[in-house]
Amino acid sequence: MRWLLALFCLSFMTVSQASTADPLDGRLIEKVLVIKSAHQLQLINDGKPFKSYRISLGRQPRGAKLMEGDKRTPEGLYWLDWRKTSDRFNLSMHISYPNITDAARARREGVEPGGMIMIHGTPDTEDNPEHFFHTLDWTDGCIAMRNIDMREVWNLVPDGTMIEIRP
């Protein structure tokens, strides 16, 4: 009878370990792709989308960010260079905006390019429940996601990962 119990326990351990296995088998996400027109953030692995998420953008979602305060989300190639926790937005990952092209354009036009563009979670308070924000473009130029999705991206995407933001 004891051997039957031991066999059951071993088989349960094997099944539970298989269900918690790393879906990437130790490989890193090679790129984050944002497609603004589709309100979609994709994690790219081996050149193919591994996972996709619904996102919210700046209040002026069309067009590239031109200057500080324009409520637009940038477009171009950047890096996710650091991260932090936030009382207001749960988790956040910094996008290296402005890049050299953005900074040169802003300098030519005599405007400030802005900064502190992040991928972040969503407020979730009694006055502002998370579901209010999920289908709106409400940020000042950042990329917002549901908190559960942001936690997943936080765990899968290391600092130093490239992010491409397309129109």
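User: Why does H120 count as buried in this structure?

Analyst: Happy to walk you through that! This is a predicted model, and in it H120 has a relative accessibility of 3%. Buried means under 20% relative accessible area, so H120 counts as buried.

User: What makes C142 buried or exposed?

Analyst: The same kind of reading works here. The relative accessible area of C142 is 11%, and the cut-off for buried is under 20%, so C142 is buried.

User: How do you know that H120 and C142 touch?

Analyst: Contact means heavy atoms within 4.5 Å, and C142 is among the residues that H120 touches, along with others including F89, W138 and M150. Seen from the other side, C142 touches H120 as well as S56, G58 and T73, among others.

User: Why can H120 and C142 be said to gather at one spot?

Analyst: UniProt, in an unreviewed entry, lists both under "active site". They span 23 residues in sequence, yet their C-alpha atoms are no more than 7.5 Å apart, so they gather at one spot. Both also belong to the lining of the largest pocket.

User: Where do H120 and C142 lie in the fold?

Analyst: H120 is in strand β6, while C142 sits in the loop between β6 and β7.

User: What makes β6 and β7 a pair?

Analyst: Strands pair if there are at least two bridges between them. Two bridges join β6 to β7, and these strands run parallel, with I119 standing opposite I143 in β7.

User: Why is β7 called an edge strand?

Analyst: β7 pairs on one side only, as does β3, the other edge strand. The open sheet has eight strands in the order β3-β2-β1-β8-β4-β5-β6-β7.

Definitions and conventions
Residues numbered from 1 in each chain as written. Predicted model: local features only at pLDDT ≥ 70, side-chain atom pairs only at ≥ 80, totals over all residues. Heavy atoms only, no water. Helix = DSSP H or I, 4+ residues; strand = E, 2+ residues; numbered from the N terminus. UniProt positions renumbered as here; feature names shortened; annotations may be inferred. 1 Å grid on protein atoms, 1.4 Å probe; cavity = no way out; pocket = protein on both sides within 12 Å on 5 of 7 lines; lining within 4 Å. Buried < 20%, exposed > 50% of the residue type's maximum accessible area, 1.4 Å probe, protein only. Lists of a residue's contacts leave out its neighbours within four places in sequence.
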